[in-house]
Amino acid sequence: MRKIMVANPKGGCGKSTLAIHIASWFARHDEIVYLGDLDRQQSSRHWLAARPGHLAPIRYWEISEEAFQMPPKNCNFAILDTPAGLHGKRLKEALNAVDKVLVPVSSSRFDMLATREFFEELAATKAVRKERVDIGVVGMRVDVRTHAFVQLLEFLERFDLPVVTCIAQSQRYLQAADTGLTLFDNDSNSTAMDIQWRPLLNWLVSRH
Ligand SMILES: Nc1ncnc2c1ncn2[C@@H]1O[C@H](COP(=O)(O)OP(=O)(O)O)[C@@H](O)[C@H]1O
Ligand SMILES: [Mg+2]
């Protein structure tokens with residue numbers, strides 16, 4: 001079983017978008033996928049509730065702040081979406097339950113500042129120091145033509161962490177999410193999608 005957490009204390013950086021896309025990708029490839037949501041706003045859970053029944057099933061991983069339950073044993077991929085502001089005891093608890101952490105970062109200055117502190121907190125936790133979890137960074141909502149993108153790459157270079165991929169800004173992520181879909185449900189064969197997502201999906205199944 002692969003247990004993957006998507007985390008960054010900054011709201012709006014793309015955690016839920018990443019979580020639902022990863023879930024739908026593996027579900028489409030006949031894996032048993034559970035999606036958990038630690039966020040009170042329950043974006044991922046609402047998305048799941050809106051998901052059309054004929055699509056590859058994604059099961060809900062019942063989990064709450066009070067009772068941190070592991071996903072069922074039959075699960076192949078457990079994906080955990082997390083809230084803004086996750087840190088301290090709750091972050092440690094979540095880190096103890098997963099093998100991989102994905103950190104989406106957008107090129108906004110505020111995102112970068114919040115992320116720097118988060119990287120520092122991650123580096124200080126036992127799970128990361130003992131190399132029990134792998135951390136991967138995802139540039140999110142990027143526009144490669146902008147100076148902001150260059151600044152994001154320069155910022156990320158300062159940390160000893162892999163930048164697994166960069167996902168372009170596209171209105172289609174918004175539109176899909178409203179209807180319980182992901183972009184993989186619409187055009188999983190698109191070359192642009194493949195170039196952006198493939199390195200991330202490969203990283204998620206690699207052993208550490
Ligand atoms: N690559 C992208 N291109 C365009 N919009 C995006 C992209 N990724 C996320 N968004 C949008 O940005 C908003 C915040 O994303 P979300 O995944 O909810 O962030 P978080 O879970 O970190 O708060 C949402 O409206 C989402 O649809
Ligand atoms: Mg969210």
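Visitor: In this predicted model, how far does a backbone N or O atom of C13 lie from an oxygen atom of ligand 1?

Guide: The pair joins a backbone N or O atom of C13 to an oxygen atom of ligand 1. A polar contact needs N or O atoms within 3.5 Å. The separation for C13 is 3.2 Å.

Visitor: Which residue has a backbone N or O atom 2.8 Å from a nitrogen atom of ligand 1?

Guide: For G14, the backbone N or O atom lies 3.0 Å from an oxygen atom of the ligand, so that is not the pair in question, because a nitrogen atom is asked for. The residue with a backbone atom 2.8 Å from a ligand nitrogen is S170.

Visitor: What share of the area of ligand 1 does the protein bury?

Guide: Taken alone, ligand 1 exposes 560 Å². Around the ligand are 14 residues, with G12, K15, S16, T17 and S170 coming nearest. The protein buries, of that exposed area, 82%.

Visitor: How are the axes of α1 and α9 oriented, parallel or perpendicular?

Guide: Helix α1 covers residues 15-28 and helix α9 residues 191-205. Their axes come within 12 Å and cross at roughly 75°. Angles of 65 to 115 degrees count as roughly perpendicular, which means α1 relative to α9 is roughly perpendicular.

Visitor: How many nonpolar residues are in the contact of α1 with α9?

Guide: From α1 come L18, H21, I22, W25 and F26, which meet W197, R198, L200, L201, L204 and V205 of α9. One residue in this contact is polar and one is charged. The nonpolar residues number nine.

Key. Residues numbered from 1 in each chain as written. Chains lettered and ligands numbered in written order. Predicted model: local features only at pLDDT ≥ 70, side-chain atom pairs only at ≥ 80, totals over all residues. Heavy atoms only, no water. Axes fitted to C-alpha atoms, helices over the stretch in contact; angles between N-to-C directions. Helix = DSSP H or I, 4+ residues; strand = E, 2+ residues; numbered from the N terminus. Parallel < 35°, antiparallel > 145°, perpendicular 65-115°, else oblique. Contact = heavy atoms within 4.5 Å. Nonpolar A, V, L, I, M, F, W, Y, C, P; charged D, E, K, R; others polar. Near = heavy atom within 4 Å. Polar contact = N/O pair within 3.5 Å; in protein donor to acceptor, adjacent residues only side chain to side chain. Areas by Shrake-Rupley, 256 points an atom, 1.4 Å probe, with all protein chains shown as cover.
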